[in-house]
Amino acid sequence: MRKISILGATGSIGQNTIDLVKRAPDDYEVVALTGAQNIAQLAKDAIELRAKVAVTADLARLEELRTALVGSGVEVAAGVSAVTEAAARPADWVMSAIVGAAGLAPGLEVLKQGAALALANKESMVCAGALVKTTAKEHNAHILPVDSEHSAVFQGLIGEDITAVERIIITASGGAFRDWPMDKLAGATLAQAQTHPNWDMGQRITIDSASMFNKALEVIETREFFEVPPEIIEVLVHPQSMVHALVGFKDGALMAHVGPPDMRHAIGFALHWPERRHLPVERLDLAALSQLTFRAPDEKRWPALRLAREVMATGGHAGAVFNAAKERALDHFISERIGFLQMAEVVEEVLHRLSAQSGLTNAEMTLDSVLEMDHLARNTADEIIANP
Ligand code: NAD
Ligand code: MG
């Protein structure tokens with residue numbers, strides 16, 4: 001039996017992971033499940049999967065979780081540090097599906113105990129790629145990408161030499177506003193931004209898809225994961241979301257990964273790696289697909305993509321600043337304090353204000369240095385929003 005934990009178990013990726021685990025319950029011993037607000041779901045899954053411990057990140061919900069699990073034999077805990085402690089409990093494989101930079105510290109604990117880290121939490125690669133990778137190396141731990149594009153690239157590279165790669169293309173659906181006229185974008189509402197044409201995902205990543213901040217994070221994630229130069233990473237808008245990524249080799253061959261927009265493929269691939277096992281995803285009928293289309297993204301419509309290039313050119317802690325400013329701008333868009341287009345303006349302004357900051361370009365990275373930059377970027381974003 002493999003020992004597994006799921007961090008962010010109540011979210012979209014967490015629930016898809018649980019769906020796969022429930023199909024083969026005898027294969028897994030569940031150590032920890034963590035969530036935050038959805039206590040009923042967390043308790044239900046912890047009982048059904050016989051988890052050792054269930055943790056809510058929200059300290060104020062401890063009693064509610066305790067009550068929901070009374071008599072079940074499942075241990076309960078709450079608070080940010082309890083999530084990190086749960087991540088450190090010995091396991092063979094851990095899904096990191098917390099949203100945002102909050103996933104960084106727990107992910108590092110997983111690597112420190114040498115477990116395989118299935119990484120949906122792209123933010124930790126963006127804000128601390130160097131730290132995440134050195135921690136994995138020091139503890140002989142594997143990191144398996146779960147983002148569909150990165151899983152696709154990872155699969156395209158099996159048996160290949162990375163030095164033979166000439167280009168990596170990741171696709172983007174274009175999100176909710178792909179075909180909107182530019183002059184309407186300023187008035188885009190929260191309700192409109194959180195509706196995705198193809199994928200069913202958490203609220204934050206859905207809005208990030210409409211603004212392309214999600215793809216901007218993924219470009220940086222690609223650079224960190226595969227350690228390729230930024231110039232060889234391309235983004236194409238592909239409205240059908242069937243081709244997730246393509247790897248181009250120096251002989252001109254382009255290998256595409258094709259599949260329906262169902263995260264259980266990438267999750268299942270990471271769960272069973274290095275084997276391939278049957279997964280309950282739709283088998284594509286290529287003859288029935290009327291067309292697959294691709295186009296270059298317009299960086300005026302999606303300035304986040306231009307900002308990602310700036311971040312990669314700066315290096316160091318620029319990723320931490322970029323991610324934190326984005327998270328804060330998104331918080332303010334969700335609370336309807338700023339408009340849709342202002343998110344990119346705020347992030348750009350934070351990057352520029354902090355560009356002279358000492359330590360920004362430092363390659364030396366610790367959890368504290370990343371958290372410090374993260375904190376500074378969030379405060380700067382708040383300041384900009386408060387005094388426009
Ligand atoms: P979600 O909002 O549906 O779920 C987030 C999970 O994190 C929940 O379990 C929530 O309880 C927990 N959480 C939230 N804030 C927390 C905090 N401060 N501390 C601890 N736990 C906290 O999000 P999601 O769509 O499942 O995305 C999770 C991660 O996976 C994100 O990094 C996202 O970018 C990435 N991802 C998601 C998809 C997708 O299809 N949903 C695809 C690729 C990558
Ligand atoms: Mg993705």
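Let's start at the ligand: the shell of residues around ligand 1 is made up of 12 nonpolar, 7 polar and 3 charged residues. Keep in mind as you look around that this is a predicted model. In total, 22 residues surround ligand 1, and the closest are T10, S12, I13, E123 and G202.

It is worth asking which parts of the protein supply this shell. Domain 1 (2-145) and domain 2 (151-260) each give at least three residues to the shell around ligand 1. You can therefore follow the ligand's surroundings into both domains, with a shell residue count of at least three in each, given that a residue belongs to the shell when one of its heavy atoms lies within 4 Å.

Now zoom in on the backbone. A polar backbone atom of S12 sits 2.9 Å from an oxygen atom of ligand 1. A36 also brings a backbone N or O atom to 2.9 Å from a ligand 1 oxygen, and for G202 a backbone N or O atom is again found 2.9 Å from an oxygen atom of ligand 1. On its own, ligand 1 has 830 Å² of accessible area, and the protein covers 84% of it. Two elements give two or more residues to the shell: α1 (12-22) and α6 (122-138).

Helix α1 is a handy signpost to our next stop, the strands. Strand β1 (residues 2-7) runs parallel to strand β2 (residues 28-35), and 5 bridges join the two. To find the register, look at I6, whose bridge partner in β2 is L33. Between these strands the chain passes through α1, and the resulting β-α-β crossover is right-handed.

Strand β1 has another partner to visit. With strand β5 (residues 93-96), β1 pairs in the parallel sense over 4 bridges. Here L7 is the residue to pick out, as its bridge partner in β5 is S96.

For a change of direction, move along to residues 243-249, which form strand β10. How does β10 pair with strand β11 (residues 254-258), parallel or antiparallel? The pairing is antiparallel, and it extends over 5 bridges. Within this pair, G248 stands opposite L254 of β11. The two strands make a hairpin, with 4 residues between β10 and β11. Take a look at G252 in the turn before you leave: its phi is positive, at about 95°.

Methods: Residues numbered from 1 in each chain as written. Chains lettered and ligands numbered in written order. Predicted model: local features only at pLDDT ≥ 70, side-chain atom pairs only at ≥ 80, totals over all residues. Heavy atoms only, no water. Polar contact = N/O pair within 3.5 Å; in protein donor to acceptor, adjacent residues only side chain to side chain. Areas by Shrake-Rupley, 256 points an atom, 1.4 Å probe, with all protein chains shown as cover. Nonpolar A, V, L, I, M, F, W, Y, C, P; charged D, E, K, R; others polar. Domains from an automatic or database assignment. Pairing = 2+ DSSP bridges. Right-handed = clockwise from strand over helix to strand, strands pointing away.
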